[in-house]
Amino acid sequence: MKISFFKNISLASQLRYGLVFPVVFSLIAAGGSLIVLNFFELFHQHLEIQKHQSKSIALEVEAYYSDLHRKLGFLSRVPGLTQMPSNTQKRLLEGLIRHNSAFEIVALFNAQGQVMSSLSPYNLSFPKKITQDPLFLKPLKHQEEYVGLVEEDPVSNLLIVGISVPIRNEQERVDGALVAYINLEFLSYVISETSIGKRGYSYLIDNRGFLIAKHPNLEKVNLFEDLSKTLEFYELNQSSVPEWKGYTGANNVQVIGTSSTIRSINWKVIVELPFSEAFKTTQNMIFIMIGILFVVILITILLSFFFTTKIVIPLQINIEEKEEAQKALKQSEQRLSLALKISKIGTWEKDLQTNREHWSAEIYDILGLPDTPDKVIEEHESFLKFVHPDDFDFVTNEVNQTLQNPDYNYDIQFRIIKPDQSIAYVHSQGRVKRDLHGNPLKMIGTGQDRTEKIKVQNELEQYRNHLEELVDERTSEIVALNQKLEISIAEIQMAKEQAELANQAKSEFLANMSHEIRTPMNSVLGFSDLLYSMLTNEKHKYYIDSIRTAGKSLLKLINDILDLSKVEAGMLEMEYNATSPHFLIQEVEQIFKGKIEEKGLTLLVEISPELPKVLILDEVRLRQALINLVGNAIKFTDTGYVKLSAIKSEPKKDKSRIDLIFEVEDTGIGIEKEQTELIFESFRQQDGQSTRKYGGTGLGLSLTRKLVELMNGDISLSSIPNQGSVFRIHIRDVQVASLDVNSLKNAEVFNPQHYTFKQGRLLVVDDIESNRSLIKESLASTELEVIEANNGKNALLFAEEFHPDLILMDIRMPIMDGYEATRKLRSNPDTANIPVVALTASVSKDKDSVIKEHRFDGFLTKPVSLGELFEELLKYFKGEVQPGNHGKQEGDAVLEPSNESFTEVPSELMSRLENEIRQSWQTVKDSGQFDEIEKFSEQLMKLGRQYTIHPLAQYGEALKSQTENFDIEGMNEILCSYPQLLEDLKSGTS
């Protein structure tokens, strides 16, 4: 059938059909050729765009880091940077960070790795082991700039990288390092602004292969992800591979990849474009060509019947893709310009054939001209006309030398005059491009404004000169002062010798006066006390009491004079012991209770609840100071009140020490402001004060101030005339003590009738008969035999003859004093073992050293109270104190035996008292804590009432009473009797 078909076709029809096949094959060949050519053209365009993108990004990043290093390097070359004051270093760092938001933290380290100054807008700090970090070691040991590894900032969660430069001194030696951390936001901005087609992307990896910046299209990879294990990254990172490669990209699609290396920091910029986009145009053209071929074939078949010579094949070029590529190139140029602008470096180019110049926008900015970067400068001396006349010859000489010498590139700094007549400093570099024959074609170069740097250097120079002037000025002043000091030292030495002679004479006089006055006072006060205890007539007792009061006042005056002299001579030694400030204040309150009531005043006492119960103080001197102040307040107050306060100042970090403050406030006559210092001087009183009305010697406040100063304190006064005064004692660093019962004894109410001694013999040695009689009369009610000797020589005879059980030895006596007599007693075998107690009215420098040096067994100071004498005698004679006298004040609670018969104690209570309660007793007894002891007493009171055991309840009540009154001696005495209470309770148990 086909054969018959072709056989029936005419020749013209065969020719027409014959034309269809050549046309079809021609169209296929032409279309295929166009597709191949279009493929290579588009591929080349995309590849060029990618390479240009990666290189421009690499240039921008390199320029960015070069600029940051340059700024650090500029600061590191400031002369004497490491020797500057910290505030100057801080200002320089502030200037660096103020114009560079990339800096997270900048610090200046010395050669030992110590931070000399640091600054961070985000309050960051460098790691402690900076000395082991390459950021510190590279600039210090290798003397080179360094860029560290990228890491994540824990504060801002941004990627940061450390950079550092060495600091050189004026001898070009490295003596430190400038280290900074910068954020990588700029890199993310550069990468994100890169446009590579519609779905292309770029990213930046560091020398470890970590992703540190990426294009938004890169969705399947996270920042700081390790890409070093991928084959594609490995091959792209090799220097021997081509500039591009096809592979599976970061988004797991086939891509064309190109890379560029940032040489200074060895990072890689990788740009990837998906195959589907790179060859989309070619693919579209294939479909278009197929459609065109189909249409053309159809048309050819149809037209072949009408036209045999003309075939139209429309071809369409994708103009949009070309425009997009041009736009990408322009964006790359803009980014490169931005990098130059950030670094503030301008570029210029001069065609040596036409003498035309082209400046970048930065050059216009440096010259102070409007920014017209597209303008071509025609004039030959266009740039040179801005050069300062004094620098013109130097600049032109450098330019000419660069033109003439192929191996020379100029690098100079010079001044320019801007249109506004201001002067700027410019650093310029230039070189010449030549042809193959060495003929100059173009001169290219850079310019940078260094006016700010020169300004800082000048300010530093002025600061250095000013410091030298100050040093010279201070040196001259010191020399003059030394000359004056040498003259003053000689004068002071002479005055010191004269003062020492005068002080020695005064000390001898006071020592003699002490003995001469204290000796008769011993008899006056002793016989008064003895007579007072014997009299029953109230009128006679009143007379004797007046004598005692006057004697004590005279003795206080003597003590004040002697104490003041000892303070001034530096001989008064402080004796610190555990002291209860609560009890001390109560004692002062009790002393003045009668005087307060007599004058109709009110005595207020205020003790801070935070004040510790026991402190280490010189109780005697502190009591003396408080008595002086309270006594003065009462004396000068006619109406109102006197208030004594004790408080603790602000707590210290050391909980074992406090500052102790006492205040004595009154509503008395007050003191004028100009008199406040006068009254603290010796023998001085307030001007206009009536001595007849108020009395006094003017010694009390002077002595008080000196005593307070010896206790590491000070005393101050605030007063308003006719309204009152406030004296304030502030003692610093007072140690908080554990409880010491021996230092907290209550004042005794002495009665000689309560003491009994067994038979014994006492030798009293004293040259004053009244003193011997006083002791003899005091012991008349006892069984002790008293023998008297009026000097040391007789004492030796009587001691050998009578062999007394104890010798009371006065020190200062005629014929033979107490020291020599005691020495001879110790040297005689018959008397060597007889105890000797020293008895003297002389002021002792150190009681313990006197006892040890002269081999005394004890030491009593005149005037001796009968209580002290009897307590001392109990050490050497067998005797006892009758029940009811334990050194307590009247009204003190003392545990007395109960007259009631013991109630039967249940066995379970007895078991509890012997076990659980006994353990609690041992704990509170050892701790000495008032609060715990009070809880223990309440527990016993509750048990006594619950089981109707009256002795147990009475024991608890007595213990609580002593605790509330701070009677430490009584409290401990009752505590120690708990085992005896248990024995008594057990003996009463059926």
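Two strands are said to pair if DSSP finds at least two bridges between them, and with that in mind we can turn to the structure above, which is a predicted model. Strand β25, covering residues 760–765, pairs with β26 in the parallel sense, and this pairing runs over six bridges. To pick out one contact of this kind, Val765 has Ala789 in β26 as its bridge partner.

Let me widen the view to the sheet that these strands belong to. Five strands make up an open sheet, and if you follow the order you read β26-β25-β27-β28-β29, with parallel pairing. Which strands stand at the edges? They are β26, residues 784–789, and β29, residues 858–861, and because each of them has a single partner strand, one side of each is left without a neighbour in the sheet. Neighbouring strands here are turned by 20° against each other on average, if direction is ignored. As a general reminder, the strands of a sheet pair through backbone hydrogen bonds, either parallel or antiparallel.

Now for the helices that accompany this sheet. Helix α19, residues 769–778, lies across β25, β26, β27 (806–810) and β28 (836–840), and it runs at about 175° to β26. Helix α23, residues 866–873, also packs on the sheet, where it touches β25, β27, β28 and β29, and its direction makes about 170° with that of β29.

Next, please look at the loop between α20 (792–802) and β27, where His803 lies. The phi angle of His803 is near 45°, which is a positive value in a residue other than glycine. Is His803 buried, partly exposed or exposed? Its relative accessible area is 42%, and since partly exposed covers the range between 20% and 50%, His803 is partly exposed. A second residue with positive phi, again not a glycine, is Asn712, with a value near 65°; Asn712 sits in the loop between α18 (700–710) and β22 (713–720), and at 42% relative accessibility it counts as partly exposed.

Elsewhere on the surface, Phe294, Val295, Leu298 and Ile299 form a nonpolar patch, and together they have about 380 Å² of accessible area. Ile299 belongs to helix α8, residues 280–303, and with 38% relative accessibility Ile299 counts as partly exposed.

Finally, the whole protein: it has 29 helices and 30 strands, and of its 990 residues 41% count as buried. About 54500 Å² is exposed, with carbon and sulfur atoms supplying 52% of that area. Among the contacts with a separation of 6 or more, 63% are between residues 24 or more positions apart.

Terms used. Residues are numbered from 1 along each chain as its sequence is written. This is a predicted model: local features need pLDDT of at least 70, side-chain atom pairs count only at pLDDT 80 or more; totals for chains, interfaces and linings use all residues. Side-chain values use heavy atoms; hydrogens and water are left out. Patches are made of residues with over 30% relative accessible area and no salt bridge: like charges are joined within 9 Å, nonpolar side chains (Val, Leu, Ile, Met, Phe, Trp, Tyr) within 5 Å. Accessible areas come from the Shrake-Rupley method with a 1.4 Å probe; for residues, only the protein chains shown count as cover. A salt bridge is a side-chain nitrogen of Lys or Arg within 4 Å of a carboxyl oxygen of Asp or Glu. Helices (H or I, at least four residues) and strands (E, at least two) are DSSP runs, numbered from the N terminus. Buried means under 20% relative accessible area, exposed over 50%, partly exposed in between (1.4 Å probe, protein chains only). Axes are lines fitted to C-alpha atoms, for helices over the stretch in contact, and angles run from 0 to 180 degrees between N-to-C directions. Contact means heavy atoms within 4.5 Å.
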